Amino acid sequence: MRHTRIVVDRYGGPDALRLVEEECPEPKDGEVRVRVLAAGVSLPDVMMREGIHPETPLLPFTPGWDLVGVVDRLGDAVSGIEPGQMVAALPIHGAYAEFVCLAQRELVPVPCGLDPAEAVSVILNYVTAYQMLHRSAKVRRGQRVLIHGAAGGVGSALLQLGRLAELEMYGTCSSRGASAVSDLGGIPIDYQHQDFVEEIHRRTGDGVDVVFDSIGGTHIWRSRKALRPGGKVVAYGLTGSLHQGRVTSGRPTGRHRFRAISIFGLYIAGGWVLPGRKRVVLYSIQWLKRLRPALFRQDLSALFDLLRQHKIGPLIAQRLPLSEARHAHELLGEGGVTGKLVLVSSEPALA
Ligand SMILES: NC(=O)c1ccc[n+]([C@@H]2O[C@H](COP(=O)([O-])OP(=O)(O)OC[C@H]3O[C@@H](n4cnc5c(N)ncnc54)[C@H](OP(=O)(O)O)[C@@H]3O)[C@@H](O)[C@H]2O)c1
C-alpha cells in the first residue's frame, strides 16, 4: 500500500516542504501503525523547517509535532490496543503523513465522539498551557497573569484554561487578535502600538504574578519588568526569532540547536542573581514528557475530558488537506492566524 507524507530536505522557507509518495511504513516490534486523521501545524514546525528549534532533527525529516489517528496495524509484542481505536500522540516530528509507526507507549487513547481536529489542537497547545499554569507557575484563583501571543495557539489555550482557573488575564496580540482575546476573557494589549510594560503597570499598579513569554531573547527581560516582586516569568518560546515565518536574518544556516537554550540559561541565572525576587523559569513540553511521561498522559487525558464536557473549545483557524501543508506554513508566516491550523485526512474517521 502507498501513502504520502511531507518531507523537509533543506532548512528554509515554506517551499522547503515537499510532498512525497512512497510505500506505507510497516510497524516493528512494539510499534503501532496509525492512520493520521489530523496533524497540528504549529510555530515549532516552522522553527524546525528553518533549523532554529532546539529539537530540529537531521535532514531529511517529516514535520508535525502532534497527531490524532486511528490504529491501523499492530507490530509484534503489542497488546491492549485494537485496530480502529482513536489515539493521540506527540511525536515532535513525523505527523505530516498519511500513516506513521509509533511505539505503543507513545499513544494516548482519545475518548469516542471527539472531533479529530479539535482533539489534535489540545495535544501540543493545551498540554503546554495546562502544565505551564498548573505545574510551572502553580497559579491560584484571583492571580494576575500576562500572556504574550494571546490570540495564537498556545495563547488562546492559556486564556481558556486561565478563565477556568479564575485568573485576571492580560494578553498581548496584534489588533487582528484583540476581539478573540477579549472573547476568551483577556484584556488585550496591542503589542505593535503599545508598550506592554507601561500598560501593565498603568492598569495593575505593581504588576502581574506571572508572565507567559513565548517571544524569547531580550523580550524575557521586558516581561520580567511587568512582574510584581515575587512574580515569575515562564519562558517557553522563540517567536521573536522569526519575522514573517522566516529566521530574522532571512538566511537559515543550519541546525541552531543550542543557541536559544544558552540565552534562556542566562536569563534564568539573572533571575536568581538580581534583586526583586523575580524568577525566570523555562518550560518545555518535550523535556517534561521525557522526564515524566506519566504526567503527559495524565494531563492530556484530563484535557480530553474537559473537551468532552465542552469546558474548553479549541479555536480552529482552518482545516486543510495534507497536500496544502506548504500553504499552512505560508499562512502562519503571514501572521494574524487565530487559533490552530490543522491538516486533516480526506477519509472519514473509523472510530
Ligand atoms: N516550550 C514548549 O514546550 C512549547 C510548546 C508549544 C509552543 N511553544 C512555542 O510557543 C510559541 C507560540 O506557539 P504557537 O503555536 O501558539 O504560535 P502561533 O499560534 O503562531 O501564535 C503566535 C502568536 O504570537 C503573536 N506575536 C508575534 N509576535 C509577537 C510579539 N512580539 N508580542 C506578542 N505577540 C506576538 C502572533 O500574533 P500576530 O500573528 O497577530 O502578530 C500570534 O498570535 C512559539 O515560539 C513556539 O515555539 C513552546
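A salt bridge is counted here wherever a side-chain nitrogen of Lys or Arg lies within 4 Å of a carboxyl oxygen of Asp or Glu. By that criterion the side chains of Arg141 and Glu166 are paired, with 3.7 Å from N to O. The model is a predicted one, in which local features need pLDDT of at least 70 and side-chain atom pairs count only at pLDDT 80 or more, whereas totals for chains, interfaces and linings use all residues. Residues are numbered from 1 along each chain as its sequence is written, and side-chain values use heavy atoms, with hydrogens and water left out.

Helices (H or I, at least four residues) and strands (E, at least two) are DSSP runs, numbered from the N terminus. In these terms Arg141 sits in the loop between α2 and β8 (144–147), while Glu166 sits in the loop between α3 (153–164) and β9 (168–173), so their salt bridge ties together parts that are 25 residues apart in sequence. Accessibility is described with a 1.4 Å probe on protein chains only, where buried means under 20% relative accessible area, exposed means over 50%, and partly exposed is in between. Arg141 is exposed at 66% relative accessibility, and Glu166 is partly exposed at 45%. The backbone of Glu166 also deserves attention, since this residue, which is not glycine, has a positive phi near 60°. Lys138, found in the loop between α2 and β8, likewise has a positive phi, of about 45°, without being a glycine; its relative accessible area of 54% makes Lys138 exposed. As background, most residues other than glycine have a negative phi, and most peptide bonds are trans.

The structure holds 23 salt bridges, and two further pairs can be followed in detail. In one of them, Lys289 meets Glu106, with the closest N and O atoms 2.8 Å apart. Lys289 belongs to helix α8 (residues 285–291) and Glu106 to the loop between β6 (99–103) and β7 (108–109), so this pair ties together parts that are 183 residues apart in sequence. Lys289 is buried, at a relative accessible area of 16%, whereas Glu106 is partly exposed, at 23%. In the other, the side chains of Arg135 and Asp299 form a salt bridge of 2.8 Å, N to O. That pair links distant parts of the chain, 164 residues apart, with Arg135 in helix α2 and Asp299 in helix α9 (residues 293–308). Here Arg135 is partly exposed at 28% relative accessibility, while Asp299 is buried at 1%. Elsewhere, Glu26, Arg33, Asp72 and Arg73 are joined into one network by salt bridges that share partners.

The nonpolar interior can be described next. A nonpolar core is a set of buried Ala, Val, Leu, Ile, Met, Phe, Trp, Tyr and Cys residues joined through side-chain atoms within 4.5 Å. The largest such core has 109 residues, of which Leu146, Leu158, Leu161, Phe212, Leu300, Leu303 and Leu343 touch the most other members. Helix α2 (residues 116–136) gives the most to this core, contributing 12 residues. With contact taken as heavy atoms within 4.5 Å, and leaving aside residues up to four places away in sequence, Leu146 touches several residues, including Tyr170, Ile189, Phe196, Val208, Phe212 and Ala226.

Helix α1 (43–50) offers another view of burial: 7 of its 8 residues are buried, so this helix is largely enclosed by the rest of the structure. The buried residues of α1 are Pro44, Asp45, Val46, Met47, Met48, Arg49 and Glu50. Just after α1, Gly51 takes a positive phi of about 80°. In the loop between α1 and β4 (67–74) lies Pro60, and the peptide bond from Leu59 to Pro60 is cis, with omega near -10°.

Finally, there is the question of enclosed space. A cavity is a set of points, on a 1 Å grid over the protein atoms alone, where a 1.4 Å probe fits but cannot get out, and its lining residues have an atom within 4 Å of a point. The structure holds 1 cavity of 30 Å³ or more, and about 40 Å³ of space lies in the largest cavity. Its lining consists of Ser121, Asn125, Tyr126, Gly153, Ser156, Pro314, Leu315, Gly339 and Lys340. The elements giving two or more residues to that lining are α2 and α3, and α2 gives the most, with 3 residues.

Conventions: On a 1 Å grid over the protein atoms alone, a cavity is a set of points where a 1.4 Å probe fits but cannot get out, and a pocket is an open set with protein on both sides within 12 Å along at least five of seven lines; lining residues have an atom within 4 Å of a point. Grid points are joined across faces, edges and corners, and a volume is the space filled by probe spheres set on the points.
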